Amino acid sequence: MRPAPPLPTAAAALALALLLCLSLSPAADAHNITRILAKHPEFSTFNHYLTITHLAAEINRRLTITVLAVDNAAMNAILDKHLSVGTLKNVLSLHVLVDYFGTKKLHQISNGTTLTSTMFQATGAAAGTAGYVNITDLKGGKVGFGAEDNGSDLNAVFVKSVDEIPYNISVLHISQVLTSPEAEAPTPSPSNLNITAILSKQGCKSFADLISASGALKTFDDNLEGGLTIFCASDAAVSAFMPKYKNLTNAQKVSFVLYHGVPVYQSLQMLKSNNGVMNTLATDGASKYDFTIQNDGEDVKLKTKVVTATITGTVIDQDPLIVYKIDKVLQPRELFKAAAGDAPAPPAADSPEGDSADQTADSNGVGGGVLSGPRVVVGVVLSLCLSVVFL
C-alpha cells in the first residue's frame with residue numbers, strides 16, 4: 001500500500017493554527033464557585049465569606065476540589081463566635097478538600113472511612129493532622145464528616161449534592177460547620193504581626209536583618225493592613241550576595257530590600273494564574289523595579305532580567321500577609337547589570353533588495369499569491385480564534 005501523501009503546506013499550516021486555537025480556548029470544565037453557589041440562595045452567606053477570605057479565587061484555580069458548603073442557618077453558628085477574618089478563613093479552608101468526592105465516591109470509600117487533606121492543611125497553618133477531615137460511610141446511607149483534631153467527632157453529615165463536574169469540582173451540602181480547635185484558634189491581627197521575627201524563625205534571618213538595617217521595615221509594616229507579599233531569600237543566598245550588597249549606597253539598599261515586597265496579598269495559586277510583570281514596594285514612577293512572574297511546570301519563577309529565582313516554600317500564609325522563601329536574591333536591573341541572555345538583540349541589517357526575503361517566503365505558497373501563503377492562513381485563523389476567546 002502506498003503511503004498517504006503529506007499534507008500540502010497551506011493545509012498543514014491550517015491544522016497547526018486550529019490546534020493552537022484549541023489550546024487558547026477556555027477549558028470546558030473550568031469552574032467558578034461563586035457562580036455555582038449564586039444559583040442557590042440558601043448558601044449566600046457561605047458564598048460571601050469565601051470571597052471575603054480570598055478562598056473563592058483559590059478554589060477556582062484548583063483543578064480537583066471538593067467544597068463542603070453549609071447553608072445560611074448553619075453559618076450562624078460560626079459567625080456568632082465573632083472570629084477574625086483570618087481565623088474564619090482557616091475554618092472555611094477546612095471545608096475545601098483537595099480531592100474530588102462526588103456522591104458516588106462518598107459511598108464507595110475503601111474500608112468505609114478515610115482521611116483527606118484540606119486547603120487548611122495545604123497552607124501549612126495546620127499543625128499535625130489538624131488540617132485533615134474524616135469522612136465515614138455510616139449506616140442508613142448517611143455519610144459523616146469531622147475534623148481530625150476534634151477527636152474525629154463526625155459533627156456534620158452529607159445532605160445533598162449541590163453541583164458536580166466529575167473529577168474537577170464537587171460541591172456538597174453538609175449539615176453543620178466542621179468544628180476544629182486548631183482552625184478556630186485566634187490569629188494575630190496584622191498590626192501584631194512581627195515581620196522580622198517571622199522571617200528569622202523560618203530560615204530567613206539574614207534577609208530579616210537586611211530589612212531592619214536598611215530602614216525598610218516601616219514600609220513593610222505600613223503595607224500589612226492592605227495586603228503584603230514578601231519574597232525572602234534563604235540565608236545561604238543572602239550570604240553569597242553580601243559582597244554586592246555592600247557596594248550599594250544607603251538609598252540603593254532600601255530600594256533593593258523593598259524590591260522583595262509586593263503591596264498586595266498573592267497566594268501561590270494567584271501567582272500561578274497571574275503570570276506577567278509585577279510591581280514592587282520599590283516601584284516609583286520611572287523607577288520601575290518590577291519583575292516577571294512565570295510558571296515553569298509546577299514551579300513559580302521570578303525573573304528580573306538579572307537573575308531568575310524559584311519559590312521553594314511558604315514561610316507563612318496568613319491573610320493579609322504571605323511570605324515565600326526563594327532560592328536566590330532578587331537583583332533589579334535598575335541596580336545591577338542585566339544577564340547576557342536578556343540583552344536586546346542587534347537590529348537586523350537592511351536587505352539590499354528591500355522586502356525580498358518576505359517575497360521569497362510568500363512565493364512558497366500555491367501560485368505565490370498574497371492569500372496563498374501558509375503564514376497568512378495561520379494569521380487569519382488565529383485572529384478569528386482570539387476574537388472568540390476574548391469576547
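**Group meeting: a walk through the fold**

Let me start with one helix, α12. Its buried residues are A237, V238, F241 and Y245. Why do these residues count as one face? Seen down the axis of α12, they fall within an arc of 85°, so they line one face of the helix. The general rule helps here. An α-helix has 3.6 residues a turn, so residues three or four places apart point the same way. Now turn α12 around. The face away from the buried side carries A236, A240 and P243, and these are exposed. What does the buried side pack against? Its partners are α10, β8 and α13. Keep those names in mind.

A word on what you are looking at. This is a predicted model. The chain has 391 residues, and 41% of them are buried. It holds 16 helices and 14 strands. Take the contacts in the chain with a separation of 6 or more: 63% of them join residues 24 or more positions apart. The accessible surface comes to about 20,000 Å², and 56% of that belongs to carbon and sulfur atoms.

Next, α10, one of the partners of α12. This helix runs over residues 205-214, and F207, A208, L210, I211 and S214 are buried in it. They cover an arc of only 155° around the axis, which puts them on the same side of α10. What covers them? The cover includes α9, α11, β8, α12 and α13. Just after α10 comes G215, with a positive phi near 85°.

On to β8, residues 228-233. This strand is mostly covered: six of its six residues are buried. That holds for both faces. L228, I230 and C232 are buried on one side, and T229, F231 and A233 are buried on the other.

Which strands pair with β8? One is β14, residues 321-326, parallel to β8 over six bridges. There, I230 has V323 as its bridge partner. Another is β9, residues 261-262, which pairs with β8 in the antiparallel sense over two bridges. In β9, G261 stands opposite I230. So look at I230 on your screen. I230 is buried, with V323 as its partner in β14 and G261 opposite in β9.

Now the cores. The largest nonpolar core has 52 residues. Which of them have the most contacts inside it? They are F220, F231 and F256. We have just met F231, on a buried face of β8. Take F220 next. Leaving out residues up to four places away in sequence, F220 touches I195, I211, L228, I230, V257, L258, G261 and L281. Several names there are familiar. I211 is a buried residue of α10, and L228 and I230 are buried in β8. There is also a second, separate core, with 45 residues. Among them are A69, V70, F101 and F158.

Last stop, another set of strands. β3 covers residues 113-117 and β4 covers residues 132-137; they pair in the antiparallel sense over five bridges. Here S117 has Y132 as its bridge partner in β4. β4 also pairs with β5, residues 143-147, again antiparallel and over five bridges. Across that pair, I135 stands opposite F145. How many residues lie between β4 and β5 in their hairpin? Five. In that turn, G140 has a positive phi of about 75°.

To close, back to the start. α12 turns A237, V238, F241 and Y245 inward as its buried residues, and these pack against α10, β8 and α13.

Note on methods
Residues are numbered from 1 along each chain as its sequence is written. This is a predicted model: local features need pLDDT of at least 70, side-chain atom pairs count only at pLDDT 80 or more; totals for chains, interfaces and linings use all residues. Side-chain values use heavy atoms; hydrogens and water are left out. Two strands pair if DSSP finds at least two bridges between them. Helices (H or I, at least four residues) and strands (E, at least two) are DSSP runs, numbered from the N terminus. Buried means under 20% relative accessible area, exposed over 50%, partly exposed in between (1.4 Å probe, protein chains only). Contact means heavy atoms within 4.5 Å. Accessible areas come from the Shrake-Rupley method with a 1.4 Å probe; for residues, only the protein chains shown count as cover. The arc is that of the directions from the helix axis to the C-beta atoms. A nonpolar core is a set of buried Ala, Val, Leu, Ile, Met, Phe, Trp, Tyr and Cys residues joined through side-chain atoms within 4.5 Å.
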